Amino acid sequence: MGFSITRAKDELLSSCKSFLNELKVVEGDALVVYRNSVDGVCAASIILKLLEDLGKSYSILSLEAPYPEVLEALLSPRRHDYLIFLDLGSSSILKHDWEVPIFVIDDHRVLGGGREDFKEINVLNPSLYDLPGKEAACSSSLAYLVGRNLNPQFKRNVWMALTGMIEARSQDHLNWSILLEAEKEGMAKRTARGSSVRLRIGEKEISRNRLAKSIGLCSSVEYPRDGPEIALSSCLFSEFEELFEIAEKARTKRKEIFQRISDELDAVSYTHLTLPTN
């Protein structure tokens with residue numbers, strides 16, 4: 001039997017249901033580890049909403065990348081009952097031997113293994129189904145598809161997935177299905193395919209582009225000053241004024257840094273060497 005995109009998507013959606021079922025029965029305190037990207041923050045906000053709906057306790061940790069020394073520190077001593085990794089690169093995480101249950105939601109290509117190699121691990125990744133990574137289903141879309149199985153009310157969080165998927169070069173497959181579903185439910189309004197979207201968040205209507213850029217600036221430029229946590233909190237409580245204010249300051253700061261670097265490069269005098277010729 002040849003490859004079928006429809007069958008691959010159906011299998012991934014079925015795995016989202018299984019992922020939720022496993023999350024329901026795991027006991028204890030969770031550590032949610034997420035990348036400080038727009039997609040990572042949005043995926044984390046969805047998963048934290050889900051954990052709260054399930055009555056589970058959690059701690060959070062934001063990383064710029066799955067640094068080996070940090071992963072080693074999480075291995076020992078045992079501090080949490082289970083770990084949830086979001087948008088952090090499946091390959092780096094799956095190669096470790098974890099003593100506690102782990103859950104992985106990620107859209108980066110998995111290297112060195114397929115679905116059969118990770119049967120004992122709760123991992124959602126489009127590349128394991130031969131789907132094109134983030135373009136098929138970004139991490140926040142996968143997190144939403146897990147939570148959506150809990151109850152119909154969880155659909156109110158769809159704007160988080162729509163914001164996270166903006167990092168994809170194109171929004172196809174399951175990403176596109178989520179956008180169409182949100183538009184049908186009146187939670188999003190599209191003016192052009194995936195390029196200009198207004199989000200309905202409670203009683204507010206917000207530009208997806210502005211929200212995504214603000215999350216990205218706050219989480220990256222302000223990473224040393226709890227930027228990812230501020231962005232995550234803004235999503236959890238749907239309060240964005242502080243986020244927008246911090247993002248604007250971060251944008252100005254980044255522009256000043258780039259200008260200073262440019263000025264320093266312009267001040268450098270280069271000596272061009274002429275190589276001898278035979």
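1. Contact here means heavy atoms within 4.5 Å. With that cut-off, the buried residues of helix 6 pack against helix 1 (5–25), helix 2 (38–53), strand 4 (102–105), strand 5 (122–124), helix 7 (158–164) and helix 8 (173–184). The model is predicted. Please read every value below as computed from it.

2. Helix 6 spans residues 139–147, and nine of its nine residues are buried. The rest of the structure therefore largely encloses this helix. The run begins with Ser 139, Ser 140 and Ser 141. Leu 142, Ala 143, Tyr 144, Leu 145, Val 146 and Gly 147 complete the buried set.

3. Now the overall picture. The chain holds 11 helices and eight strands. Its radius of gyration is 21 Å, close to the 19 Å that the globule rule gives for 278 residues, so the chain is as compact as a globular protein of that length. The C-alpha trace spans about 65 × 50 × 45 Å along the principal axes. Buried residues account for 48% of the 278 in the chain.

4. How much of the contact set joins residues at least 24 apart? The share is 64%, taken among contacts between residues at least 6 apart in sequence.

5. Surface and charge come next. The accessible surface of the chain is about 14,300 Å², and carbon and sulfur atoms supply 49% of that. There are 35 positive and 41 negative side chains. The centres of these two sets lie 6 Å apart.

6. Helix 10 covers residues 227–237. Its buried residues are Gly 227, Pro 228, Ala 231, Leu 232, Ser 234, Cys 235 and Leu 236. They pack against strand 1 (30–35), helix 2, strand 2 (58–63), helix 7, helix 9 (208–220) and helix 11 (241–267). Ser 238 follows helix 10 and has a positive phi, near 55°.

7. Ile 230 also sits in helix 10. Leaving out residues up to four places away in sequence, Ile 230 touches Cys 218, Arg 225, Glu 242 and Ile 246. Its C-alpha is 27 Å from that of Leu 75, a residue 155 places away in sequence.

8. Ser 45 shows the helix 10 packing from the other side. This serine belongs to helix 2. Ser 45 is buried, at 0% relative accessible area. Beyond four places in sequence, Ser 45 touches Met 160, Leu 232, Cys 235 and Leu 236. Leu 232, Cys 235 and Leu 236 are among the buried residues of helix 10. Leu 217 is 172 residues from Ser 45 along the chain, and the two C-alpha atoms are separated by 17 Å.

9. How many disulfides does a search of the whole structure find? Zero. A disulfide would need two cysteine sulfur atoms within 2.5 Å. For Cys 42, the nearest cysteine sulfur is that of Cys 235, 4.9 Å away, and Cys 42 is in no disulfide. For Cys 16, the closest cysteine sulfur is in Cys 138, at 12 Å, which is too far for a bond. Cys 42 counts as buried because its relative accessibility is 0%. Cys 16 counts as buried too, at 0%.

10. Two aspartates deserve a look at the backbone. Asp 87 is not a glycine, yet its phi is positive, about 60°. Asp 87 lies in the loop between strand 3 (82–86) and helix 4 (90–94). Asp 130 also has a positive phi, near 65°. Asp 130 is placed in the loop between strand 5 and helix 5 (133–136).

11. Which of the two is buried, and which exposed? Asp 87 is buried, with a relative accessible area of 2%. Asp 130 is exposed, with 59%. The cut-offs are under 20% for buried and over 50% for exposed.

12. A last aspartate, Asp 263, is in helix 11. Asp 263 is partly exposed, with a relative accessible area of 42%. Its C-alpha is separated by 47 Å from that of Ile 102, and the two residues are 161 apart along the chain.

Technical notes. Residues numbered from 1 in each chain as written. Predicted model: local features only at pLDDT ≥ 70, side-chain atom pairs only at ≥ 80, totals over all residues. Heavy atoms only, no water. Buried < 20%, exposed > 50% of the residue type's maximum accessible area, 1.4 Å probe, protein only. Helix = DSSP H or I, 4+ residues; strand = E, 2+ residues; numbered from the N terminus. Rg over C-alpha atoms; globule rule 2.2 N^0.38 Å. Areas by Shrake-Rupley, 256 points an atom, 1.4 Å probe, with all protein chains shown as cover. Lys, Arg positive; Asp, Glu negative; His and termini not counted. Charge placed at Lys NZ, Arg CZ, Asp CG, Glu CD.
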